[in-house]
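Me: I have some questions about how two chains meet. Please keep the answers short.

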Protein chains: 2
Amino acid sequence: MDEVKLFGFWASPFSRRVIWALKLKGVEYEYIEEDLPYNKSDLLLQYNPVHKKIPVLVHGGKPIVESLVILEYIDEVWPHNPLLPKDAYERSVARFWAKFIEEKSHLIAKLYRTDGEEQQEAAKEYFEMLEVLEEHALIGGKKFFGGDEINMVDIAFCSVAHWLRVVEVFAGPKIFEPHKFPRLNSWIQNLKSVPVIKDNLPDTDKMLALLKRWREMLLASKSS
Amino acid sequence: MDEVKLFGFWASPFSRRVIWALKLKGVEYEYIEEDLPYNKSDLLLQYNPVHKKIPVLVHGGKPIVESLVILEYIDEVWPHNPLLPKDAYERSVARFWAKFIEEKSHLIAKLYRTDGEEQQEAAKEYFEMLEVLEEHALIGGKKFFGGDEINMVDIAFCSVAHWLRVVEVFAGPKIFEPHKFPRLNSWIQNLKSVPVIKDNLPDTDKMLALLKRWREMLLASKSS
């Protein structure tokens, strides 16, 4: 009964966090792709009755919900290749940044779901967030947020490393200009050169097509 | 250098979480009251440059920021009287609910800062949140969220136990009707009968006066 299952959606950065963590730990799991946004499975609704959202990790029949909570769980159950530092203070710093990005994660959806003034606002807020990361989070010439090895913060920030660049292709204002964010830019290169990450990124063209289609649907439903 | 200091504000539920946790653990600390909202100390801004907010716990000269992150830190550094269960799955359930209430915590501020339709919306959302807690979080006749002892979830929910009732006195719609939320109502009684909690609640009349004054200021600045 120690079976591990993950209910996810291929293009979701929240699912991707869990996939990266499981792969970094070398945990075998069964992946169940949900048909979003309209055909959620009965099992997903049963496992996550409060939010009705992916990702859900099911371990030995018990559901663990919310990607950051799942990362903490994975790190406790499979402690090798740790996602959190050992030191309590360093752990608090990692949790601070994971929470920080979590509270800004609606911005990436706002960027591709809106246009005009509303989108400009989201772009401005996203840019300011990147400035904070550049100035406060990636200091001291570190390869990753935690130092020499990937940790929970790098995983939590996956939408900054990949999703933003896809959304920028079609959604309007250019936010990430590498010369403005040299530390973040190096971090993205470092992250994407890690085999587990590189081999487990969603296909960019497929993601572009999906997000474009969702954006058109959303903008059409707004104007109708 | 193992000195513990807490930068807080007496009426803040976020400060109160940390105070309760420190008192439950029996940790000695120096409390520094911030003069909010306009006269934040230089030390606070230095310790929390990203959010510029209380609470900040300073331990051995190092700042720990964000009340839920502070609770995790306190539980790791002073493991007696645990705030999180031992079992990894139970820990994930506790973290799920702490995150849930965290993401709804803006509602209590919205209730006392708004009126009319905007306030009605906040009230509706708050009511729906209480329904979720009643239905999903407090099941199985438990005394507290985690069982027989107070844990992180009870502490995280402090605004439901106390702040909501104060705001209801003057801010408009009555949200918490005990007969609609029998489990939550028992939980509030149980929580407030724990000596550490009962002896460390902010004064209701003083809080009422402060929140009323803030509300009037905010509504006046909106209409001007």
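Me: Why is the pair B:Lys99 and A:Glu66 called a salt bridge?

Reply: This is a predicted model. In it, the closest N and O atoms of B:Lys99 and A:Glu66 are 3.0 Å apart. The cut-off is 4 Å between a side-chain nitrogen of Lys or Arg and a carboxyl oxygen of Asp or Glu. B:Lys99 and A:Glu66 therefore form a salt bridge. The count between chain B and chain A is 10 salt bridges. There are also 10 residue pairs in polar contact between these chains, both residues being at pLDDT 80 or more.

Me: Which elements of chain B give two or more residues to the side that touches chain A?

Reply: They are strand 4 (62–65), helix 3 (67–77), helix 4 (88–103) and helix 6 (116–137). Helix 4 of chain B gives the largest share, 11 residues.

Me: What makes 14 residues on that side of chain B nonpolar?

Reply: Their residue type decides: Ala, Val, Leu, Ile, Met, Phe, Trp, Tyr, Cys and Pro count as nonpolar. That side of chain B also has three polar and nine charged residues.

Me: How many residues does each chain bring to the contact?

Reply: Chain B brings 26 residues, and chain A brings 26 residues.

Me: What area is buried between chain B and chain A?

Reply: About 2400 Å². Carbon and sulfur atoms give 70% of that area. In chain B, the residues that lose the most area to chain A are B:Tyr89, B:Phe96 and B:Lys99. Together they make up 24% of what that side buries.

Note on methods
Residues numbered from 1 in each chain as written. Chains lettered and ligands numbered in written order. Heavy atoms only, no water. Contact = heavy atoms within 4.5 Å. Buried area = accessible area lost by both parts, 1.4 Å probe. Polar contact = N/O pair within 3.5 Å; in protein donor to acceptor, adjacent residues only side chain to side chain. Helix = DSSP H or I, 4+ residues; strand = E, 2+ residues; numbered from the N terminus.
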